[in-house]
Each structure stands twice: as C-alpha cells, then as structure tokens.
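Please look through the notes that follow with the structure open beside them. They take up the ligand and its surroundings, and then the nonpolar interior.

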Amino acid sequence: MWFRKEVAVIRETGTDRRALREERMDADLVVAGGGLAGTCAAITAARAGIRVVLIQDRPVLGGNASSEVRLWILGATSHMGNNNRWAREGGVIDEILVENMHRNPEGSALILDSIILEKVVEEPNITLLLNTAVHDLEKSDPDTISAVRALCSQNSTTYLVRAPLFCDASGDGILGFLAGAAFRMGAESKGEFGEGFAPDAAYGELLGHSLYFYSKDTGKPVRFTAPSFALKDITQVPRFRDIKATDYGCRFWWFEYGGRLDTVHETERIKWELWKVAYGVWDYIKNSGKFPEAETMTLEWLGTIPGKRESRRFEGDIILTQQDVVEQRRHADAVSFGGWAMDLHPADGVYSKFAGCTQWHSKGVYQIPYRAMYSRNICNLFLTGRLISVSHVAFGSTRVMATCAHNGQAVGMAAAVCRRHKVLPREAPIAELQRELLRSGQYIPGVVLKDPSDLSRTATIRASSCFELDELPPGSAMQPLDASRAMLLPVPAGPIPSVTFLVDVARRTTLESEIRGCGKPENFTPECVIHKQRFELQPGPAQAVRIAAEFRSDSPRYLSYLLIKNPDVSVQLSDFRVTGVLSLSQSMNKAVANGVRQEPPEGSGIDSFEFWLPSRRPGGKNMALSIEPPVRAFCATNVLNGIARPTTQPNAWVASRDDRAPRITLQWAQPQTIRRIELSFDTDFDHPMESVLMGHPERDMPFCVRDYRILDATGQVLFRVAGNHQTRNSVFLANPAVTSELHVEILATHGCPAALFEVRCYEE
Ligand SMILES: Cc1cc2nc3c(=O)[nH]c(=O)nc-3n(C[C@H](O)[C@H](O)[C@H](O)COP(=O)(O)OP(=O)(O)OC[C@H]3O[C@@H](n4cnc5c(N)ncnc54)[C@H](O)[C@@H]3O)c2cc1C
C-alpha cells in the first residue's frame with residue numbers, strides 16, 4: 001500500500017544550501033484558490049474535458065463557506081428577503097447546495113466541507129493541491145502568464161505548474177497581482193461612475209474581515225477565564241446591547257474590522273483585533289452577569305482564519321456598476337447573474353456607530369457579463385469570485401458566495417471553450433459559451449437554450465396528463481389578513497383569469513383587493529396596479545371574493561392577486577403546493593431589509609418598492625382559490641422551451657393531481673440513437689438552502705421527482721432511478737438506445753405533483 005512504501009535511510013551531513021523538492025506539472029487551466037468560485041470553476045472545466053490543477057493554500061476547500069470560516073452560502077435568493085423569485089443559482093453550486101440539504105439539513109460546516117471535497121475528488125481531470133500556496137509566477141510575454149509557483153509546507157515541496165490559461169479565484173488576487181493585472185482597491189467616488197450609493201470617507205471605502213465563535217450548552221456549569229488579550233471594555237462595541245448569549249457563528253457577521261487598513265497586507269493584524277473582540281464578547285457573555293442562561297455554556301470553536309470581504313478588484317473589459325445592478329442592464333455576453341442587495345458596511349466595522357450594513361435591493365436579478373471575468377491587460381488570466389471587474393458598489397452585490405460560485409462556473413466553462421478553439425479569454429465565442437453553460441445548468445436571465453445537438457428539439461411530445469390550475473383546494477387552516485397577502489399566478493396572453501378566494505369575516509368590513517404586474521416581465525416585484533376591487537362583506541364564514549378584471553395581458557406572465565391587510569378578515573389556506581405557484585405577503589426579512597418597503601435616500605439612484613415575500617415551509621401555504629378559466633401553463637412542450645425554472649411562466653410540465661402514472665413521451669418520425677439523456681427536476685429554486693448554522697425542516701424538496709424510469713418504444717426499461725433528490729440528472733446509457741419513442745415515467749415524487757423542466761437527448 002502506498003503509505004507502507006519503503007524509504008531509504010538517509011544521512012546527510014553536508015552544509016551546502018539545499019533546495020526544496022520541486023514537482024513540475026502541466027495543465028490546460030490552473031485555478032488559484034479553492035473557495036467556492038475556484039472550486040466551481042475547476043469542476044466545470046474538468047467536466048467539460050480539460051485538465052485542471054486546483055491550488056488551495058489551506059487544508060480544506062470552500063473558502064469562506066468552509067468550516068474554517070463558517071459563512072452560509074447565499075446569493076440572489078437573499079434569504080428569501082427580496083423579490084427575486086426562483087433565483088437560486090444553477091449548475092455546480094446548485095448541485096452542492098441540494099446535496100448539502102439532503103445530507104446535512106442541520107447545517108454542519110464539517111459535512112459541507114466533505115461534500116465540496118467529494119465533488120472535486122470525483123473529477124479525474126482535477127489535480128488538487130491542498131495546503132499549497134501560490135506565491136510566484138513566470139511570464140512568457142509582458143501580458144502572458146506561463147506558469148505558477150506554489151509551495152506546500154506540509155510536504156516540503158514546491159510546484160511549477162505550466163498552462164495556457166490561468167484563473168485567479170484567490171480572493172485577494174495573488175495571480176493577478178503578481179502578473180501585473182490592473183486592479184483597484186477602495187471605493188470609487190460618486191462621480192467616477194455616477195453611482196449615487198458610492199460611500200464617502202466617513203462611511204469608509206473598504207469592507208473589513210470577520211471572525212466568529214460557536215458556543216454550546218454542556219448542561220453543567222462551565223467557567224471561563226478570558227485570555228489577557230481579550231477586549232475588556234465591551235462598551236467599546238457600540239452595538240454591545242445586540243449581543244445575545246444564544247447567537248453564534250455568522251449571526252455575528254457584524255464582528256467586523258479592518259476596513260480602514262490594507263486588507264491584504266494587514267490581515268494578520270486584523271485577525272488579532274478580531275480575536276480580541278471575539279474573546280471579549282464571550283467574556284462579556286460568560287462573566288458580566290447579564291446572561292444567566294450562559295452559565296452552562298462553553299466555547300466550542302473560535303475561528304483562526306478571518307473571513308475576508310474585500311480587497312483587490314481587478315479590471316476586465318467592463319466594470320460592472322450600480323446602474324447595471326439597479327437597472328438590470330442587459331449584456332450580450334451575459335454568462336451569470338446576481339441578485340443579492342448592494343450591501344456595503346461601515347469601514348469601522350464593530351467599532352462603528354453606523355448600522356452594521358446598508359443594503360439596497362434591485363427589483364429583480366441582473367445579468368453579469370463575461371467581460372467582467374477576465375483581465376483587461378493579462379491576456380490569459382480569468383477572474384472569478386470576489387475579485388471580478390466591478391465597482392465597489394456593485395461588488396456589494398456580486399460578492400456573495402453563490403454568485404461567486406456561479407461566476408466560477410462561467411469561467412470554468414469559458415476555459416474549456418477557449419481550449420477547444422485555441423483562443424484567449426477575450427476571444428471566446430459567446431454564443432457557444434452561453435449554450436454550454438445553459439446545458440450544464442447555469443441560469444442566465446433572458447438567455448434561452450437553443451441546442452442544435454439536442455434530439456428532443458425534433459421530437460413531438462405528449463404527456464399522460466397536464467395539470468390545469470383551476471383550484472387550490474381548501475385545507476383546514478385559516479390565515480388572518482394581518483398583512484397584505486397575494487398569490488403569484490402564471491397567466492396566459494389574452495384576457496386574464498378571475499380568481500376567487502374564500503374568507504371568514506369577523507365583522508362588517510370593506511375588503512380591498514388588487515391585481516398587480518411588474519415593470520419588467522421577468523421581475524416579480526408587484527409594482528404596477530392593473531386592477532382594484534372592493535368587497536363589502538358581512539360577518540360570516542367561507543365567503544367567496546372573486547377578483548376579476550377586464551384586462552388583456554400581451555404575453556404570458558406572472559400576476560399577483562392581492563388581498564389587502566384587514567384585521568376583520570381571515571383567508572382560507574390550501575395544503576396543496578405545485579411547481580410555479582407561490583403565496584406572498586407584504587413583509588420584511590430584517591436580515592436583509594429595514595422595512596416592508598425599500599425607501600432609499602433621494603438621489604441615491606436606487607428604486608423604492610415594496611417587498612412581497614414567500615414564507616419558508618412548513619409555512620408559506622398557498623391561499624385556497626378557484627380560477628376561471630383554468631390556467632393551462634403546465635403543458636408538456638414546456639420541457640423543450642430551453643428554460644429550466646419558472647421565469648415569466650412555470651416552464652415545467654406538471655402532471656395533473658389525479659394522474660396515477662405520470663409519463664411524458666418524446667416521439668420521432670425516425671428511430672434515433674440516444675446515448676445521453678438530461679433531465680431537470682424542480683428542487684425549488686426559491687429556497688436559499690443556507691448551507692450552515694441554520695437548520696432546514698426538509699432534506700428533499702417536495703416538488704422534486706424521487707423515482708422514475710425511462711423506456712424505449714418497445715416498453716423496454718432503459719434506465720431506472722430510485723431516491724433522486726437532485727435538480728439535474730444526466731443519464732448515460734451503457735448501450736445506446738435506437739428508438740422512435742422515449743418515455744419518462746414518474747413513479748414517485750417527494751410530495752407534490754410530478755414536474756419536469758427539461759428533457760434533452762443526445763447521440764454522443
Ligand atoms: C464575514 C463575512 C460575511 C459574509 N457573509 C456572507 C454570507 O452570509 N453569504 C455569502 O454568500 N457570502 C458572504 N460573504 C462574502 C463571501 O464570503 C466572499 O465574498 C466569498 O467567499 C468570495 O469567494 P471567493 O471564492 O472569491 O473567495 P474565498 O471564499 O475567500 O476563497 C478564496 C480561496 O483562495 C484561497 N487562497 C488565497 N490565496 C491563495 C494562494 N496564494 N494560493 C492558493 N490559494 C489561495 C483561500 O484559502 C480561499 O480558500 C461574507 C464575507 C465575509 C468575510
């Protein structure tokens with residue numbers, strides 16, 4: 001066995017200088033940094049067929065998501081606290097989050113480490129160098145990197161890795177810095193890009209680092225003696241009254257420091273200050289006498305590596321700005337998207353008198369262009385993660401990890417496409433890159449997959465049944481209208497349907513209702529009032545209120561049917577859930593907003609609008625309703641429309657509730673040779689799936705297909721799956737099928753009616 005290999009006895013007595021052992025490697029792509037951005041870039045590139053060396057200076061992958069730092073992975077879903085519906089990122093990061101949800105709904109950071117590591121080591125095209133820091137590089141031209149040098153102190157080995165393409169995913173930008181790539185650090189002025197949200201010097205121009213602790217209740221008294229370097233006077237932390245004994249981990253995100261320092265070179269100094277704060281806070285919890293509940297609690301873990309928010313941002317061929325985010329500007333080279341708020345923090349961090357953060361949301365998700373993902377002056381250097389080409393304000397939004405990971409996937413695929421064509425990053429063929437990304441599960445708002453090699457495109461399609469939304473049947477629960485509530489419903493082009501809710505009325509009242517649409521068809525912010533209606537109601541149970549409008553929609557879209565807050569009215573709920581239908585309430589999530597309505601300062605260039613949010617299961621039940629005429633937006637042809645999540649329509653085939661053998665059939669005039677089948681299921685893209693700390697009640701998403709089988713025209717079973725919980729299933733047939741029909745039979749789901757976003761078939 002490898003660890004029993006004999007080692008010759010060594011005696012070296014000379015005094016000459018010695019060199020470390022050097023290993024040389026070649027790759028198609030070198031990725032520096034194994035945070036989520038670098039990891040997703042490496043996995044994507046490897047799956048697309050190129051050889052990758054992934055170099056990570058620390059012992060585990062995941063960067064700030066790892067057990068070393070323990071931040072929860074977030075992105076455009078924004079903790080379900082903004083109006084971005086079905087906005088979880090797709091592809092590799094989705095696969096990781098869905099897997100983490102399945103294995104680790106309790107949110108252990110260590111289990112997440114193991115999942116990320118597993119995804120990497122399962123890729124034969126990746127050579128992973130852990131505990132190995134990139135510290136130098138070689139160039140063949142002033143604008144071309146030819147090799148990187150890295151050191152692993154654990155095995156006393158230096159590495160020289162040559163490649164035609166490099167990806168900097170190191171956060172601070174070690175490769176870009178050493179190579180001479182153009183970069184910026186610190187905020188732009190308001191004038192530079194016309195960004196109304198650009199901070200002034202008093203607020204500060206850089207986000208700091210943070211470091212956390214975990215505590216636990218041992219059930220018996222525990223004493224704590226603080227180290228001498230711990231903060232002694234808790235009142236130096238202006239927000240000390242917000243400290244709760246039961247909070248730990250990233251709930252203490254505001255233990256932040258370093259925004260006035262050089263966040264690259266003074267990281268160690270910043271860490272010492274954060275240790276001082278963390279131990280001081282724990283001392284305060286344990287020994288101030290203000291937290292009797294902490295008597296039996298102990299420190300379980302305290303970070304040794306600070307999470308870094310911001311340092312260098314490198315310049316690409318475009319710098320994304322506030323206007324790109326707020327106005328949701330379109331880019332022909334869009335390869336990814338963002339949707340977290342522009343979220344800036346005061347540079348004085350934990351010692352600041354300002355609130356810990358200032359967050360401003362957009363009305364919907366925005367595209368991220370490819371030109372922000374490669375260096376403008378080092379021609380073979382990709383950029384990903386937090387260091388992409390964005391202004392400080394736009395960075396406030398793009399910096400979250402699921403967005404970084406999604407951008408990483410874009411870069412990994414771009415590297416594979418560049419190698420295929422032997423071109424540099426700037427020359428990558430965009431249409432091909434977008435197509436490959438969409439095929440791999442990436443979501444690019446506004447870009448539809450048109451895949452000429454997909455055999456399904458030439459098939460006719462039929463289904464055993466198609467769900468018609470004629471009612472959401474009443475369950476047993478009532479919901480008081482303590483807030484305005486809405487059903488987000490898909491409607492077809494043409495006259496819009498009427499919707500009838502059932503209400504209990506406590507005393508005579510006027511109930512107001514509205515139908516609202518969105519300014520942009522792809523958004524879900526219900527800001528355009530299409531119709532208003534009032535109902536004069538007498539006391540009594542189960543009264544029907546029918547909202548009906550003479551309005552024609554010019555295209556299929558989502559509309560919100562609202563009931564306005566009324567203390568005398570309760571609305572009947574339904575226990576039935578189905579793909580592409582959601583209930584909302586006008587509400588706020590205080591983790592990411594300050595009110596039910598966003599009210600930015602005058603002149604900030606940010607929009608005012610209301611937040612209409614879903615609730616997490618087991619809450620968030622639909623309101624019972626009947627709808628006339630029924631909505632037929634769940635038909636079989638949806639699986640061929642090139643969009644694999646709800647956007648302006650559900651984009652899914654959904655079987656009817658009473659279909660005991662749901663099945664979708666593709667039929668061709670001539671037999672086709674099929675080796676690979678790609679299926680996309682509904683794992684609830686509205687669910688943020690926070691990866692650590694916060695537990696979740698479900699392992700598997702109720703909309704997801706669990707068991708299915710695929711049959712050919714003769715009824716022969718080609719493939720069978722039991723226990724699926726993943727979004728994307730790639731089915732490889734050991735013996736290619738030659739058939740004029742393909743049936744996908746859904747045998748069981750995790751609870752809701754069978755739904756399918758995509759079926760694609762390939763000969764190769
Ligand atoms: C305190 C804090 C709170 C945050 N809150 C959230 C949140 O709630 N949700 C969220 O999604 N995001 C959050 N963010 C933002 C997010 O964590 C970062 O923006 C994100 O991690 C950036 O991803 P990345 O892959 O670019 O960098 P990182 O996650 O930092 O990964 C970079 C990796 O590169 C490695 N590396 C660095 N230098 C070298 C080198 N020379 N050689 C080899 N490897 C190297 C590092 O070890 C690291 O693993 C927060 C950030 C901080 C600091």
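1. In this predicted model, a polar backbone atom of methionine 401 lies 2.7 Å from an oxygen atom of the ligand. The protein buries 93% of the 990 Å² that the ligand exposes when it is taken alone.

2. Two other polar approaches to the ligand deserve a look alongside that one. The side chain of aspartate 57 has an N or O atom 2.4 Å from an oxygen atom of the ligand, while arginine 386 brings a backbone N or O atom to 2.9 Å from a ligand oxygen atom.

3. The ligand is surrounded by 32 residues, of which Asp57, Trp72, Leu74, Arg399 and Met401 are the closest. Sorted by class, this shell holds 15 nonpolar, eleven polar and six charged residues.

4. Which elements give two or more residues to the shell around the ligand? They are helix 1 (36-47), strand 5 (132-141), strand 14 (307-308) and helix 9 (401-421), and strand 5 provides the largest share, with three residues.

5. Turning to the interior, the largest nonpolar core has 171 residues, and within it Ile243, Tyr370, Phe382, Leu679 and Tyr708 touch the most other members. Helix 9 supplies the largest share of this core, eleven residues. Apart from this core lies another, of 49 residues, with Leu481, Leu489, Val499 and Leu573 among them.

6. Leucine 679 is worth following by eye: leaving aside residues up to four places away in sequence, the residues that leucine 679 touches include Tyr708, Ile710, Val731, Val744, Leu756 and Val759, and also Thr727, Arg728, Asn729 and Glu758.

Conventions:
Residues are numbered from 1 along each chain as its sequence is written. This is a predicted model: local features need pLDDT of at least 70, side-chain atom pairs count only at pLDDT 80 or more; totals for chains, interfaces and linings use all residues. Side-chain values use heavy atoms; hydrogens and water are left out. A residue is near a molecule or strand if one of its heavy atoms lies within 4 Å of it. A polar contact is a pair of N or O atoms within 3.5 Å; within protein, one must be able to donate a hydrogen and the other to accept it, and residues adjacent in sequence count only if both atoms are side-chain atoms. Accessible areas come from the Shrake-Rupley method with a 1.4 Å probe; for residues, only the protein chains shown count as cover. Helices (H or I, at least four residues) and strands (E, at least two) are DSSP runs, numbered from the N terminus. Ala, Val, Leu, Ile, Met, Phe, Trp, Tyr, Cys and Pro count as nonpolar, Asp, Glu, Lys and Arg as charged, and the others, Gly among them, as polar. A nonpolar core is a set of buried Ala, Val, Leu, Ile, Met, Phe, Trp, Tyr and Cys residues joined through side-chain atoms within 4.5 Å. Buried means under 20% relative accessible area, exposed over 50%, partly exposed in between (1.4 Å probe, protein chains only). Contact means heavy atoms within 4.5 Å.
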